[in-house]
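Please look through the structure below with its sequence alongside. The text after it goes from the whole chain to single residues.

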Amino acid sequence: MRRPVARRLSAAMATMAVAAGTGAVLLMPEASAATGGATGYATQNGGTTGGAGGQTVRATTGTAIHAALCGRASSSTPITIEVEGTINHGNTGKVSGDSCNTADGVIELKQISNVTIVGVGAGAVFDQLGIHIREAGNIVIQNVTVKNVKKSGSPTSNGGDAIGMESGVRNVWVDHVTLEASGGESEGFDGLFDMKDDTRYVTLSYSTLRNSGRGGLVGSSESDLSNGFITYHHNLYENIDSRAPLLRGGTAHMYNNHYVGLNESGINSRAGARAKVDNNYFEDSKDVLGTFYTDAAGYWQVSGNIFDNVTWSAPGTDNNPAGPNPQSNTTVAVPYAYPLDAASCVPAVVSRTAGAGKGLLVSDGSCTPQTPTPTPTGTPTGPTATPTTPTPTTTSTQPSGTNLSIGAGSDGSGKASGTSYGNVRDGDMNTYWSPTGPTGAISIKWGSAVSVSAITIREASGSVGAIGSWRVVDADTGAVLASGSGAGAISFPRTSLSKVTFEITGSTGTPKIAEFETYVG
């Protein structure tokens with residue numbers, strides 16, 4: 001694959017007091033350098049605020065970033081880490097502590113929450129060093145460049161992903177970043193922005209992704225369908241072979257992005273995925289939307305897009321391009337408001353706003369870049385804080401009417417050996433579904449929308465009381481319908497949906513759900 005040479009970013013470092021080999025962590029006043037607020041799906045599920053309201057420190061090495069994480073009172077203590085300079089393998093080492101779980105050769109955000117990493121001053125460049133987010137929530141990454149992260153060759157980092165998320169990640173906002181490689185898999189690179197293994201409520205905004213074989217994926221395989229509720233807006237995808245993104249299952253919203261030079265394919269919706277594609281500008285590209293390299297169909301709703309010099313391949317068994325005249329084959333509702341620029345001005349707006357070092361400029365839908373309103377500091381309101389979802393009614397009173405789960409479908413985030421998703425809708429209290437760990441999600445789904453206002457979760461014999469905290473989620477939109485603790489009958493405002501998810505977020509012992517009943521109420 002022939003590519004332009006990736007631009008080298010050089011930034012003069014400001015004079016700072018640094019400790020030899022590690023870089024100092026300098027305590028700053030209690031304020032956040034990040035500006036603006038989260039958008040898209042990152043505003044759901046309690047919102048995404050990162051380290052707002054906590055202490056701000058400054059770091060000039062990867063080891064100093066890890067030290068800042070490990071120096072907190074707990075793994076959920078809010079912190080904003082301002083980063084300046086070049087972060088690389090030579091200055092990134094593992095740091096130990098009760099509030100962190102770090103590693104050498106990668107920026108490791110593992111088993112933590114309420115963290116902001118923001119580039120300041122002359123800029124922050126993570127050179128051949130990836131950012132890994134695992135079992136974490138309420139994370140903000142803003143105004144940084146991550147480049148040339150490899151999975152083969154030397155040095156390697158983060159499986160070759162510039163930013164990678166996996167294993168129960170919730171609420172991440174990545175904004176005004178530049179992610180770039182210098183080739184594809186044969187040159188040792190993998191994805192620029194990857195999500196897998198139950199990652200949800202993520203927004204990528206005002207960012208540049210370029211010069212890579214793979215832009216990013218949602219779901220690592222056709223069986224990894226527990227991810228979703230992802231928003232991509234005002235991003236530039238430039239000189240990308242494919243995966244812009246690859247979406248396996250789940251729901252994603254793409255609006256006001258500029259795609260230029262997609263060499264093989266673009267938005268690849270497959271395995272039941274649903275993509276809402278609004279007012280984007282596709283230019284000098286091939287097969288920018290459809291289901292590719294599989295017969296596991298995905299779906300899309302299109303509106304207001306411009307296709308400028310886009311070519312389309314012929315349909316085939318494993319190839320279903322949306323063009324040459326893209327039409328919607330599903331409908332996708334999103335639970336948030338969003339200002340929408342006209343597609344005709346997207347290239348101009350994105351060129352002034354997308355990527356690190358652009359002054360964090362944004363658009364309000366008027367095609368005019370502007371400085372965002374500062375985000376007030378205060379107590380974090382992310383997923384580890386008190387939910388702002390409707391208060392549910394949990395009682396022992398059985399809802400009346402027909403159990404809609406009988407005859408419906410079901411799926412989930414994973415299942416323990418010997419258990420089945422279908423066991424929760426068979427009317428048999430002797431069979432059950434159990435997650436592979438203390439948390440997990442199980443869903444009931446229908447071929448078309450039904451109205452639901454009550455569910456009953458029945459635990460299997462011998463495990464009554466194991467389910468602790470939970471959420472009920474409208475899987476069509478990502479909206480949290482109710483949250484609470486303990487199994488039983490749960491009611492919430494009547495909602496029209498085609499899939500409802502019961503997500504276990506805490507438990508004692510091993511959760512076992514014998515029946516997941518659904519009712520109109």
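What follows is a walk through this predicted model, from the overall make-up to a set of paired strands, a pocket, a helix and two loop residues.

The protein chain holds 2 helices and 36 strands. Of its 521 residues, 59% are buried. Contacts that span long stretches of sequence are frequent: taking the contacts with a separation of 6 or more, 73% are between residues 24 or more positions apart. The chain exposes about 18900 Å², and carbon and sulfur atoms supply 49% of that area.

A convenient place to start is strand E32, residues 440-459. Strand E32 is joined to strand E31 (residues 409-412) by 4 bridges, and the two run antiparallel. Within this pairing, Ser 410 stands opposite Ile 444 of E32. Strand E35, residues 488-504, also runs antiparallel to E32, and 13 bridges join them. Here Ser 443 has Thr 501 of E35 opposite. A further antiparallel partner of E32 is strand E36 (residues 513-519), with 6 bridges between the two. In that pairing Thr 456 is bridged to Glu 517 of E36. As background to reading such strands, side chains in a regular strand alternate between the two faces of the sheet.

Some of these strands return in the next feature, the largest pocket. To find empty space of this kind, a probe the size of a water molecule is rolled over the atoms. The largest pocket has a volume of about 880 Å³. Its lining consists of 40 residues, and those nearest the centre are Gly 250, Gly 272, Arg 274, Asp 411 and Lys 499. Which strands each supply at least two residues of the lining? They are E16 (228-233), E31, E32, E33 (469-474) and E35. Strand E32 gives the largest share, with 7 residues. By residue class, the lining divides into 19 polar, 12 nonpolar and 9 charged residues.

Helix H1 covers residues 62-70, and because 8 of its 9 residues are buried, the helix is largely enclosed by the rest of the structure. The buried residues of H1 are Gly 62, Thr 63, Ala 64, Ile 65, His 66, Ala 68, Leu 69 and Cys 70. Their cover includes four strands: E2 (55-59), E3 (79-87), E4 (107-110) and E5 (113-127).

The last stop is a pair of loop residues. Ala 356 sits in the loop between helix H2 (346-353) and strand E28 (362-363). Is Ala 356 buried or partly exposed? Its relative accessibility is 21%, so Ala 356 counts as partly exposed; the buried class would require under 20%. Leaving aside neighbours within four places in sequence, Ala 356 is in contact with Asn 143, Val 144, Thr 145, His 176, Val 177 and Thr 178. One of these, His 176, is 180 residues away along the chain, yet its C-alpha atom is 5.0 Å from that of Ala 356.

Gly 486 lies in the loop between strand E34 (480-485) and strand E35. With a relative accessibility of 21%, Gly 486 counts as partly exposed. Its C-alpha atom is separated by 6.5 Å from that of Ser 469, a residue 17 positions away along the chain.

Technical notes:
Residues are numbered from 1 along each chain as its sequence is written. This is a predicted model: local features need pLDDT of at least 70, side-chain atom pairs count only at pLDDT 80 or more; totals for chains, interfaces and linings use all residues. Side-chain values use heavy atoms; hydrogens and water are left out. Buried means under 20% relative accessible area, exposed over 50%, partly exposed in between (1.4 Å probe, protein chains only). Contact means heavy atoms within 4.5 Å. Accessible areas come from the Shrake-Rupley method with a 1.4 Å probe; for residues, only the protein chains shown count as cover. Two strands pair if DSSP finds at least two bridges between them. On a 1 Å grid over the protein atoms alone, a cavity is a set of points where a 1.4 Å probe fits but cannot get out, and a pocket is an open set with protein on both sides within 12 Å along at least five of seven lines; lining residues have an atom within 4 Å of a point. Grid points are joined across faces, edges and corners, and a volume is the space filled by probe spheres set on the points. Ala, Val, Leu, Ile, Met, Phe, Trp, Tyr, Cys and Pro count as nonpolar, Asp, Glu, Lys and Arg as charged, and the others, Gly among them, as polar.
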